[in-house]
Amino acid sequence: MNRIGNSWDKVLENEFNATYFSELSDKVDNEYRTHTVFPPQDLIFRALQMIDYDDVKVVILGQDPYHGDGQANGIAFAVNKGIPLPPSLINIYKEIESDLGVSMPRTGTLLGWEEQGVLLLNATLTVRKATPQSHSQLGWQRFTDAVTAALSRREKPMVFILWGAGAGSKKSIIAARHLVLTSPHPSPLSASRGFFGCRHFSKANAFLEENGMAPIDWANVDGGLAKYYGGGKIIRV
């Protein structure tokens, strides 16, 4: 698997050199050779490619990528323009509208969030087509634990938003100076059990402002970047 291509490579150097990561890479490569796997292989680390380590203000952790054709693009919960909004993202937008009283657009690239310092990362970074959680035992959790722990070591406070059991399990490795918000996953299967009404978006913004940072404009989902690095090339969406 390709490295990130920015400051994350240094931050995660020990992980990339570890035996478990080599074994994980072999397993993931074999999955892409023998099955239909999402996201496209050169987009596995897209979320990290889009935000340098020092620029992260909010981390949103989900479970694993969308498992339908054309949906997963390497950014948790996001879809490219022209792709219908998945149910989980629709529920996220519903909660933002309820929490903040804003009207959300009907596109879901979430590039605008990334530009503002929101890292959208899944606990597991790949998945077989039509088989949710199929890669949850490959070893991704150890890697994304390392990402979470590296962010937790930063002195500057940030917000960790953990949706679902897989993401919530990382709470124990996050330092107390950061704000940690947990809830069930926004999937239609669980959103009514505590995701709706969690008010994570206003709580995150209040914490950022209390710590001298600009709040996130959650209604700005598409932003102005419209490009990212993948496989060593600039790719436009």
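**Figure 1. Contact of helices H3 and H7 in the predicted model.** Tyr 20, Phe 21, Leu 24 and Val 28 of H3 are in contact with Trp 140, Arg 142 and Phe 143 of H7. Sorted by class, the residues of this contact comprise 6 nonpolar and 1 charged, with no polar residue. H3 spans residues 19-34 and H7 spans residues 140-152; their axes lie 10 Å apart and form an angle of about 125°. The two helices are therefore classed as oblique to each other, since this class takes the angles left over once those under 35 degrees, over 145 degrees and from 65 to 115 degrees have been assigned. The crossing of H3 past H7 is left-handed.

**Figure 2. Surroundings of Gln 141 in helix H7.** Gln 141 belongs to helix H7. With a relative accessible area of 24%, Gln 141 is partly exposed. Leaving aside residues up to four places away in sequence, Gln 141 touches Ala 123, Thr 124, Ser 136, Gly 166 and Lys 170. The view also includes Ala 167, which is separated from Gln 141 by 26 residues in sequence and by 9.3 Å in space, taken from C-alpha to C-alpha.

**Figure 3. Salt bridge between Lys 170 and Asp 145.** The closest N and O atoms of Lys 170 and Asp 145 are 2.5 Å apart, and the two residues form a salt bridge. Lys 170 is located in the loop between helix H8 (165-168) and strand S6 (179-183), whereas Asp 145 is located in helix H7, so the pair ties together parts that are 25 residues apart in sequence. The two partners fall into separate accessibility classes: Lys 170 is buried, with a relative accessible area of 1%, while Asp 145 is partly exposed, with a relative accessible area of 30%. Lys 170 is also one of the residues touched by Gln 141.

**Figure 4. Salt bridges Glu 13 to Lys 10 and Glu 97 to Arg 106.** Side chains of opposite charge can pair when their charged atoms come close. In the first pair, the side chains of Glu 13 and Lys 10 meet with an N to O distance of 3.3 Å. Glu 13 has a relative accessibility of 32% and therefore counts as partly exposed; Lys 10, at 64%, counts as exposed. In the second pair, the side chains of Glu 97 and Arg 106 meet with an N to O distance of 3.7 Å. Glu 97 is partly exposed at 29% relative accessibility, and Arg 106 is exposed at 52%. The value for Arg 106 places this residue in the exposed class because that class begins over 50%. The count of salt bridges comes to 7.

**Figure 5. Contact of helices H5 and H9.** H5 comprises residues 87-100 and H9 comprises residues 200-210; their axes come within 8 Å and cross at roughly 60°. H5 and H9 are therefore oblique to each other. On the side of H5, the contact is made by Ile 92, Glu 95, Ile 96, Asp 99 and Leu 100, and on the side of H9 by His 200, Phe 201 and Ser 202. By class, these residues comprise 4 nonpolar, 2 polar and 2 charged.

Methods. Residues numbered from 1 in each chain as written. Predicted model: local features only at pLDDT ≥ 70, side-chain atom pairs only at ≥ 80, totals over all residues. Heavy atoms only, no water. Axes fitted to C-alpha atoms, helices over the stretch in contact; angles between N-to-C directions. Helix = DSSP H or I, 4+ residues; strand = E, 2+ residues; numbered from the N terminus. Left-handed = near helix turned anticlockwise from the far one by under 90°. Contact = heavy atoms within 4.5 Å. Nonpolar A, V, L, I, M, F, W, Y, C, P; charged D, E, K, R; others polar. Salt bridge = Lys/Arg side-chain N within 4 Å of Asp/Glu carboxyl O. Buried < 20%, exposed > 50% of the residue type's maximum accessible area, 1.4 Å probe, protein only.
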